[in-house]
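Visitor: I am new to this structure and would like a close look at one part of it. Could you pick a small contact and lead me outward from there?

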Amino acid sequence: QVQLVESGGGLVQAGGSLRLSCAASGNILSMGAMGWYRQAPGKQRELVAGIGSGGSANYADSVKGRFTISRDNAKNTVYLQMNSLKPEDTAVYYCYADVVEGDYRLQKRWGQGTQVTVSS
């Protein structure tokens with residue numbers, strides 16, 4: 001099955017930047033929407049950003065103007081550029097991808113999560 005591997009998380013001071021990457025591998029017949037969720041301790045999971053196969057993007061209101069999602073279809077990779085980070089951005093970030101695998105069925109696959117910590 002398709003697997004998603006995330007990288008790029010870490011510790012950064014408020015106002016700093018991080019770039020998350022999520023690469024999919026496996027028997028990928030078709031790649032649909034990709035994106036990022038995050039979950040902070042004691043809070044519900046929330047959608048941060050998503051991007052369609054054609055490149056259209058959407059963002060949570062809390063990150064608009066600060067985060068940029070992009071994708072490289074040739075590499076089956078989605079990115080999240082995070083600028084002007086705030087302590088409230090601290091969370092585990094999970095990438096996802098809607099994929100069609102060898103069985104021709106649409107599946108949502110998830111990355112393992114990467115910790116982003118923003119200090120004040």
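Guide: Let's begin with a polar contact of 2.9 Å that joins the side chain of Ser-17 to the side chain of Asn-83. Before going further, please keep in mind that this is a predicted model.

Where does Ser-17 sit along the chain? Ser-17 belongs to the loop between strand E2 (10-13) and E3. Is Ser-17 buried, partly exposed or exposed? Its relative accessibility is 39%, so Ser-17 counts as partly exposed. Setting aside neighbours within four places in sequence, Ser-17 is in contact with Val-12, and also with Gln-81, Met-82, Asn-83, Ser-84 and Leu-85. For a sense of distance, you can look from Ser-17 to Gln-112: these residues are 95 apart along the chain, and their C-alpha atoms are separated by 21 Å.

Now follow the contacts of Ser-17 to another residue. Arg-66 is in contact with Gln-81, Met-82, Asn-83, Ser-84 and Leu-85, and with Lys-86 and Asp-89 as well, again leaving aside neighbours within four places in sequence. Arg-66 is found in a loop too, the one between strand E6 (57-59) and strand E7 (67-72). Is Arg-66 buried or exposed? With a relative accessibility of 11%, Arg-66 lies below the 20% cut-off, so Arg-66 counts as buried. Its side chain makes a polar contact of 2.8 Å with the side chain of Asp-89. A polar atom of the Arg-66 side chain also lies 2.9 Å from the backbone oxygen of Ser-62.

From these loops we can step into the strands. An open sheet of four strands runs in the order E1-E3-E8-E7, and the pairing is antiparallel. At the edges are strand E1 (3-7) and E7, each of which pairs on one side only. On average, neighbouring strands in this sheet are turned by 15° against each other, with direction ignored. E3 and E8 pair in the antiparallel sense over six bridges. One residue to look for here is Arg-19, whose bridge partner in E8 is Gln-81. You have met Gln-81 already, as one of the residues in contact with Ser-17.

E3 also leads us to the disulfide. How many disulfides does a search of the whole structure find? The answer is one, and it joins Cys-22 to Cys-95 with an S to S distance of 2.0 Å. This pair links distant parts of the chain: Cys-22 is in strand E3 (residues 18-25), Cys-95 is in strand E9 (residues 91-100), and the two are 73 residues apart. The torsion about the S-S bond of Cys-22 and Cys-95 is about 55°, so the disulfide is right-handed. Cys-22 counts as buried because its relative accessibility is 0%, and Cys-95 counts as buried because its relative accessibility is 0%.

Cys-95 brings us to E9, a strand that is mostly covered, with eight of its ten residues buried. Which strands pair with E9? E4 does so in the antiparallel sense over eight bridges, and in this pairing Cys-95 of E9 is the bridge partner of Trp-36. Three bridges join E9 to E11, and these strands run antiparallel; Val-92 has Gln-115 as its bridge partner in E11. Five bridges join E9 to strand E10 (residues 106-110), also antiparallel, and Tyr-96 stands opposite Trp-110 in E10. E9 and E10 form a hairpin with five residues between them, and Tyr-104 in the turn has a positive phi of about 70°.

Let's finish in the interior. In soluble globular proteins, nonpolar side chains tend to be buried together. Here the largest nonpolar core has 29 residues, and those with the most contacts inside it are Trp-36, Val-48, Phe-67, Leu-80, Met-82 and Tyr-93. Two or more residues each come from E3, strand E4 (30-39), strand E5 (46-51), E7, strand E8 (77-82), E9 and strand E11 (114-119). The largest share, five residues, comes from E9. Val-48 is a good place to rest your eye: not counting residues up to four places away in sequence, Val-48 touches residues including Trp-36, Phe-67, Leu-80 and Tyr-93. Met-82 closes our path, being a residue of this core that is also in contact with Ser-17, where we started.

Terms used
Residues numbered from 1 in each chain as written. Predicted model: local features only at pLDDT ≥ 70, side-chain atom pairs only at ≥ 80, totals over all residues. Heavy atoms only, no water. Buried < 20%, exposed > 50% of the residue type's maximum accessible area, 1.4 Å probe, protein only. Polar contact = N/O pair within 3.5 Å; in protein donor to acceptor, adjacent residues only side chain to side chain. Contact = heavy atoms within 4.5 Å. Disulfide = S-S within 2.5 Å. Core = buried A, V, L, I, M, F, W, Y, C linked by side-chain atoms within 4.5 Å. Pairing = 2+ DSSP bridges. Axes fitted to C-alpha atoms, helices over the stretch in contact; angles between N-to-C directions.
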